[in-house]
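Visitor: I'd like a close look at one part of this protein, the spot where two helices pack together. Could you walk me through it?

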Amino acid sequence: MAATAEFEALCEEGRRCVRHQDADAAIASFSKALALDERAIAVHEGLAAAYFMKKNYEQAAEHFKKVTLLDPRQSKALVNLGAVYNRMAEYTKAVTILRKAVQKDKSSGEGHYNLGLAYRGLNQQAMAVSAYKEAVRVAPEMAPAHQNLANVYVDMGNFQQAIIHYLKALEINPEFERARRGLESAQELSSQAKNAVSPFGRLVDRNALGAKSAPRVERRMNDVERAQDRMTVISVLSDVDDSANTLLKQVHELFEPALLTMGRTLSERIDGPSTIARDFRVYLTAFKQVYESRRALKRSVAALRAHEEMTNTPEPPVR
């Protein structure tokens with residue numbers, strides 16, 4: 001009993017030190033606790049957090065690995081281990097670990113988010129987009145995921161999609177300065193790109209444009225630019241399709257039944273005001289979900305239109 005009380009006191013002291021950013025004291029307390037119970041998952045998690053705080057990522061990784069061995073069912077430790085590998089720039093290891101994490105818990109927004117970081121570190125932009133999109137699907141209020149997804153879109157030259165996700169990050173967190181700076185940069189780059197595109201997706205060499213009567217000099221998109229353009233269209237169309245399917249499903253499964261129930265209650269006056277109020281709340285909840293899906297669909301359609309406009313707006317005459 002005395003040993004148990006001492007162990008609990010050491011763990012509590014270690015957690016308190018972590019909360020107060022005192023990494024050395026936390027390591028001292030958790031190390032004493034570890035001497036009493038080497039298999040205590042909470043102790044290894046505490047030590048990993050303290051070492052991470054000190055930027056001793058090798059030791060943090062060792063303790064997160066120990067947690068994964070002690071409890072193989074846990075996905076959180078895998079996510080944390082992958083995040084440590086990202087900090088160490090060990091992106092290949094991070095991808096391996098984080099893929100296991102999201103297989104165990106497909107709803108882990110942090111897992112998909114860190115997987116996106118790892119893929120971007122490997123310069124695998126398409127895979128990074130896929131991971132970040134999954135992160136914002138399962139955790140739509142994760143502002144950093146929207147911001148990092150926007151960063152990748154900027155890397156790929158897809159400035160319209162970048163703007164959409166920077167705006168979403170700022171909608172979630174209006175004080176998100178990195179998203180604000182990214183938005184301003186993406187808007188400027190989008191403007192420059194739009195001014196350099198002629199009809200039918202051909203890029204204009206503006207330096208070759210002379211006086212008013214000079215003919216327009218164009219170059220065709222190369223294979224990389226065409227592939228990027230196809231990826232953009234496919235990605236946006238996929239978003240439109242997903243949004244439309246979600247909207248139709250919610251209308252069919254939520255909105256219509258709620259509306260019919262409320263209408264029947266009102267016409268038959270079943271059980272009086274309390275039933276009407278209950279059915280109205282159900283209807284209102286369904287309406288809000290459908291409305292949010294409609295907004296998502298409108299954003300996807302707007303992105304598609306923006307891309308079409310960017311690649312097909314006629315070049316203004318040179319004066």
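Guide: Here is a walk through one helix pair, with a few words on confidence and on one residue elsewhere. Keep in mind that this is a predicted model. Two packed helices are described by the angle between their axes and by the distance between those axes. The pair to look at is α9, residues 143-156, and α10, residues 159-172. Their axes sit 8 Å apart, at an angle of about 165°. Anything over 145 degrees counts as roughly antiparallel, so that is how α9 and α10 run relative to each other. As for handedness, the crossing of α9 past α10 is left-handed.

Now for the residues that touch. From α9 you get Ala-143, His-146, Gln-147, Leu-149, Ala-150, Asn-151, Tyr-153 and Val-154. On the α10 side, the contact uses Phe-159, Gln-161, Ala-162, His-165, Tyr-166, Lys-168, Ala-169 and Ile-172. Sorted by class, that contact has 10 nonpolar residues, 5 polar ones and 1 charged one.

Elsewhere, have a look at Ser-29, which belongs to helix α2, residues 23-36. Its relative accessible area is 9%, and under 20% counts as buried, so Ser-29 is buried. Leaving out residues up to four places away in sequence, Ser-29 touches Leu-10, Glu-13 and Gly-14.

How far to trust the picture? The protein's average pLDDT is 80, and 66% of the residues score at least 70. Residues 198-202 stay under 50, and the model gives them 21 contacts beyond four places in sequence. The stretch 309-319 is also below 50 in pLDDT, with 27 contacts in the model beyond near neighbours in sequence.

Notes:
Residues numbered from 1 in each chain as written. Predicted model: local features only at pLDDT ≥ 70, side-chain atom pairs only at ≥ 80, totals over all residues. Heavy atoms only, no water. Axes fitted to C-alpha atoms, helices over the stretch in contact; angles between N-to-C directions. Helix = DSSP H or I, 4+ residues; strand = E, 2+ residues; numbered from the N terminus. Parallel < 35°, antiparallel > 145°, perpendicular 65-115°, else oblique. Left-handed = near helix turned anticlockwise from the far one by under 90°. Contact = heavy atoms within 4.5 Å. Nonpolar A, V, L, I, M, F, W, Y, C, P; charged D, E, K, R; others polar. Buried < 20%, exposed > 50% of the residue type's maximum accessible area, 1.4 Å probe, protein only. pLDDT = per-residue confidence, 0-100.
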